[in-house]
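Please examine the protein chain shown below. A student and a tutor will discuss how its parts are arranged.

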Amino acid sequence: MKKRISVVVVSLSMLVLLNSCGVMFGGSRYEGTIVAKDRPNAAIYVDGQKMGDGQVTALFPRNKALNVELKEEGCDPKKQTFNTAFRTGNFILSVVSFGLLGLGVDLGTGAAYKPDHINNPAVKKVSDKKYTFNVDYSECKK
């Protein structure tokens, strides 16, 4: 009887501690590098907050679209939104290996999403945890 209880406790502990497929292999955040193409002095804003000039690398949540704005003196601001996509393979692995608990963890933490690099050529996937976002600011002729 004690052995059976120990097995159940260990199994439940592993289930909770291991989280899910998406959290383990992608996390709820990714490292994104935003590049103001050919504009090293352009100020880069994400969701209204200034992040830096020319090129910026930061951690961003997977479950949110990335709203980028470039500003440079003498030019009109450029806004671009990078949408997210559902990580289908991750979803299937989570359901198969961790069941509803894994699915809930992935959806709750945002690990079930990724930047949409397939439908947006301005997004380059470097790895599951790293993406590059190229913003074309060629309308700024300064």
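The discussion that follows concerns sheets, a nonpolar core, unusual backbone angles and a disulfide.

This is a predicted model, in which local features need pLDDT of at least 70 and side-chain atom pairs count only at pLDDT 80 or more, while totals for chains, interfaces and linings use all residues. Residues are numbered from 1 along each chain as its sequence is written, and side-chain values use heavy atoms, leaving out hydrogens and water.

Student: In which order do the four strands of the antiparallel open sheet lie?

Tutor: Strands are DSSP runs (E, at least two residues) numbered from the N terminus, and two strands pair if DSSP finds at least two bridges between them. Strands of a sheet pair through backbone hydrogen bonds, either parallel or antiparallel. In this open sheet the pairing is antiparallel, and the order is β3-β2-β5-β6.

Student: Which strands are the edge strands of that sheet?

Tutor: An edge strand here pairs on one side only. Four bridges join β2 (residues 43-46) to β3, and five bridges join β5 to β6. The edge strands are β3 (49-53) and β6 (78-82).

Student: Which residue in β6 is the bridge partner of E69?

Tutor: β5 and β6 pair in the antiparallel sense. Within β6, the uncovered face holds K79 and T81, whereas K78, Q80 and F82 form the covered face. The bridge partner of E69 is K79.

Student: Which strands are at the edges of the open sheet with mixed pairing?

Tutor: This sheet has four strands in the order β4-β1-β10-β9. Four bridges join β9 to β10 in the antiparallel sense, and one bridge partner pair there is V123 with F133 of β10. The edge strands are β4 and β9 (123-127).

Student: How many residues does the largest nonpolar core have?

Tutor: A nonpolar core is a set of buried Ala, Val, Leu, Ile, Met, Phe, Trp, Tyr and Cys residues joined through side-chain atoms within 4.5 Å; buried means under 20% relative accessible area, exposed over 50%, and partly exposed in between (1.4 Å probe, protein chains only). The residues with the most contacts inside the largest core are I34, L66, V68, F82 and F133. F82, for example, touches residues including L66, V68 and F133, where contact means heavy atoms within 4.5 Å. The number of residues in this core is 21.

Student: Is D38, in the loop between β1 and β2, buried or exposed?

Tutor: Most residues other than glycine have a negative phi. D38 has a positive phi near 60°, and D47, in the loop between β2 and β3, has one near 50°. D47 is partly exposed, with a relative accessible area of 43%. With a relative accessibility of 67%, D38 counts as exposed.

Student: How many residues apart are C75 and C140?

Tutor: These cysteines form a disulfide, a pair of cysteine sulfur atoms within 2.5 Å, with their sulfur atoms 1.9 Å apart. C75 lies in the loop between β5 and β6, and C140 lies in the segment after β10. Both cysteines are buried. The pair links distant parts of the chain, 65 residues apart.

Student: Why is this disulfide called right-handed or left-handed?

Tutor: A disulfide is a covalent bond between the sulfur atoms of two cysteines. The torsion about the S-S bond of C75 and C140 is about 60°, so the disulfide is right-handed.

Definitions and conventions:
Lists of a residue's contacts leave out its neighbours within four places in sequence.
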